[in-house]
Amino acid sequence: MNPEHQLTNADIVDLFEQTARLMELHNEDPFRIKTISSAAFNIDKLKDDITQLPVSELTAIQGIGKSVAAKIREIVETGHLTDLDELLTRTPEGVLAMFRIKGLGAKKIRVLWHELAIDNLRDLQMAAENGKVAKIKGFGEDTQEKILASLEFLQSQAGKVRMDKAAMFAGFLRDTLSPHFPSVAISGQVRRQAQEVDMIQLLVETDDVIGAMNQIMQLPMLTRKEVESSPFVWRGAMEGTDVAIEIKLVPAGKLARQLFVETAADAHLQQLGQNGMSLLQAALTANDTTDEAIYERAGLPFVIPEMREDSFAFQWAARHHADDLVTWDDLRGTLHNHSTWSDGKNSLTQMADYTRSLGLSYFGIADHSQTATYAQGLKPEQVREQHRDIDALNAQYGDDFRILKGIESDILGDGSLDYTPDVLATFDYVVASVHQTLTMSKEKATARLLRAIQNPYTTILGHPTGRLLLSREGYPIDHRAIIDACAEHQVVIEINASPYRLDIDWRWIDYAQQQGVMLSINPDAHSTTGLLDMHYGVAVGRKGGLLRSMTFNTLPLAEMVAWLANRRRAKSV
């Protein structure tokens with residue numbers, strides 16, 4: 001609590017109510033919970049300010065005993081409540097966020113947390129979408145639908161949106177505006193493929209400023225912010241999200257130049273070329289308004305839109321060419337995916353067939369390992385049964401497509417991998433990931449990952465920080481130490497392509513490449529449509545300068561099979 005804030009009865013009530021909720025969440029003494037809850041109720045009914053009263057006068061108030069009075073004085077004098085602070089340290093941030101969901105109280109949140117191991121909103125959404133929440137006693141379909149509706153509302157109200165949502169909103173606006181104008185273009189953060197977007201920007205080409213503004217004003221889903229808008233710039237919000245919307249009007253024939261300027265971040269535009277001219281100056285004075293011509297005028301190498309953030313792109317361009325960047329068409333397979341064997345929505349056959357329909361030549365199954373009981377992790381006998389199914393399916397597919405036998409093995413608390421060595425040895429590859437005990441210091445998290453990387457059975461390090469964008473901050477790690485260890489032990493690093501994760505962060509891609517570490521664009525798909533998330537992985541990969549030659553799953557089938565076999569042989573020596 002802000003120490004400069006003048007405390008009120010309402011502040012005390014809020015802290016007591018939060019304390020009671022968390023006590024119930026942690027299944028503490030019901031009598032103590034009732035005492036705190038009753039105190040909050042009684043204080044809320046009081047008309048007089050109690051913040052200045054001593055303990056002796058507080059205890060004279062109905063429902064306030066010595067213990068509660070002491071807590072009130074602690075709040076007033078320190079701005080904190082020790083009991084609450086202790087409860088907060090024991091409660092993951094994602095679990096706290098569940099209290100924002102309409103219809104979910106402490107008891108139901110405790111069930112979700114302990115029975116399904118759900119500790120964040122993303123996992124709750126996945127469980128609800130997969131029908132798992134409805135199956136829990138006391139929940140049902142109605143509660144599940146309410147949870148999904150509430151989650152959707154919370155996501156739409158956030159000040160930032162993930163790149164997938166931003167692209168959807170921007171695309172909708174472009175398609176809505178396009179019939180009325182010669183040209184409409186998406187610019188800014190969305191065009192740069194930012195993983196989080198706080199403003200959606202579009203450019204509209206027109207010579208009729210008044211008519212254009214009137215046309216925009218007629219769109220029922222948009223609400224204009226008058227103070228922030230001007231005759232040439234519409235600013236406001238769109239129904240369904242509170243992310244900022246900006247629509248700029250551009251004279252006919254000027255769209256290409258303005259698109260260049262509005263796409264690049266300021267730090268990128270201020271870069272000076274060999275002739276001392278900034279990129280912005282070049283853009284504003286160039287006769288030819290193609291992107292390539294603008295860079296050439298400034299005496300700078302061409303940079304793709306995704307990389308137009310700062311000076312990093314020019315450092316990268318001094319060593320590479322834009323044509324060397326990975327594209328969707330370069331991908332040959334996918335390696336981190338789930339099926340109904342664990343917590344996936346589609347069967348192994350459905351996932352593999354859809355992968356094949358995308359023109360890819362291998363599908364790597366990496367269902368959860370046995371410790372992940374909340375995700376129906378596979379026990380050793382189930383692993384053997386799944387492998388028999390894979391052998392049968394591969395016999396049907398022929399030589400041009402193959403299912404690879406993988407597993408997403410939990411990295412346990414001490415850094416060891418799930419399963420015994422004899423079970424781990426049966427897989428073609430192992431994705432090693434942390435899923436539990438996420439609250440760690442930088443030293444502990446780094447040591448835990450380092451031990452997993454050193455394990456001879458680890459092939460790919462999965463979502464290295466465990467982050468969930470706009471939902472859960474990742475645990476802190478020493479990125480350089482982790483990447484250096486992956487280089488030493490020939491471990492591939494995952495770019496988890498789910499728009500909820502996009503982990504490893506794009507800012508570390510180039511360092512990994514320089515150390516000789518390959519990166520794998522993995523969708524972490526739990527359904528057939530989830531396989532398409534690799535588009536987001538390609539986008540942030542390109543943003544970070546990911547080369548085609550350093551992207552693991554650009555290897556053709558034969559080379560991938562040979563690489564995995566050679567690595568297993570080398571590690572078994």
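This is a short dialogue on how to read features of a predicted model.

Student: Where should I begin, and what is the secondary structure of the chain?

Tutor: Begin with the overall picture, and keep in mind that the model is predicted. The chain's secondary structure comes to 25 helices and 14 strands. Along the principal axes, its C-alpha atoms fill a box of roughly 80 × 70 × 45 Å.

Student: How do I read the radius of gyration of the chain?

Tutor: Set it beside the value for a compact globule with that number of residues. For 573 residues that value would be near 25 Å, and the chain has 27 Å, which agrees. You can add that buried residues make up 55% of the chain. Among contacts with a separation of 6 or more, 67% join residues 24 or more positions apart.

Student: What does the chain expose, and how are its charges placed?

Tutor: The chain exposes about 25400 Å², with carbon and sulfur atoms supplying 50% of that area. As for charges, there are 58 positive and 77 negative ones, and their mean positions are 2 Å apart.

Student: Which residues have the most contacts inside the largest nonpolar core?

Tutor: They are Phe 363 and Ile 403, in a core of 61 residues. Try following Phe 363 outward: leaving aside neighbours within four places in sequence, its contacts include Leu 348, Met 351, Phe 401, Ile 403 and Leu 531. Apart from this core lies another, of 47 residues, among them Met 23, Leu 25, Ala 40 and Leu 124.

Student: Now a helix, please. Which residues of helix H16 are buried?

Tutor: First, the general idea: an α-helix has 3.6 residues a turn, so residues three or four places apart point the same way. In helix H16, residues 291-298, the buried ones are Asp 291, Ala 293, Ile 294, Tyr 295 and Ala 298.

Student: What covers the buried residues of H16?

Tutor: The cover includes helices H11 (188-191), H13 (255-263), H14 (266-269), H15 (279-285) and H17 (312-317). Look also at what follows H16: Gly 299, with a positive phi near 75°.

Student: Which residue other than glycine has a positive phi?

Tutor: Most residues other than glycine have a negative phi, and most peptide bonds are trans. Here, Ala 117 has a positive phi near 55°. Ala 117 lies in the loop between helix H7 (106-115) and helix H8 (121-129). Gln 490 also has a positive phi, near 55°, and lies in the loop between helix H22 (479-488) and strand E13 (492-496).

Student: Is Ala 117 buried or partly exposed?

Tutor: Ala 117 is partly exposed, because its relative accessible area is 25% and buried means under 20%.

Student: And His 387, is it buried or exposed?

Tutor: His 387 has a relative accessibility of 8%, so it counts as buried. You will find His 387 in helix H19, residues 380-397. Leaving aside neighbours within four places in sequence, His 387 is in contact with Lys 405, Thr 426 and Phe 427.

Student: One last case: where is Asp 414?

Tutor: Asp 414 sits in the loop between strand E10 (402-410) and helix H20 (421-424). With 46% relative accessibility, Asp 414 counts as partly exposed. Now compare sequence and space: Asp 414 and Arg 448 are 34 residues apart in sequence, and their C-alpha atoms are 6.0 Å apart.

Note on methods. Residues are numbered from 1 along each chain as its sequence is written. This is a predicted model: local features need pLDDT of at least 70, side-chain atom pairs count only at pLDDT 80 or more; totals for chains, interfaces and linings use all residues. Side-chain values use heavy atoms; hydrogens and water are left out. A nonpolar core is a set of buried Ala, Val, Leu, Ile, Met, Phe, Trp, Tyr and Cys residues joined through side-chain atoms within 4.5 Å. Buried means under 20% relative accessible area, exposed over 50%, partly exposed in between (1.4 Å probe, protein chains only). Contact means heavy atoms within 4.5 Å. Helices (H or I, at least four residues) and strands (E, at least two) are DSSP runs, numbered from the N terminus. The radius of gyration is taken over C-alpha atoms; the globule rule is 2.2 Å times the number of residues to the power 0.38. Accessible areas come from the Shrake-Rupley method with a 1.4 Å probe; for residues, only the protein chains shown count as cover. Lys and Arg count as positive and Asp and Glu as negative; His and the chain ends are not counted. The place of a charge is taken as NZ of Lys, CZ of Arg, CG of Asp or CD of Glu.
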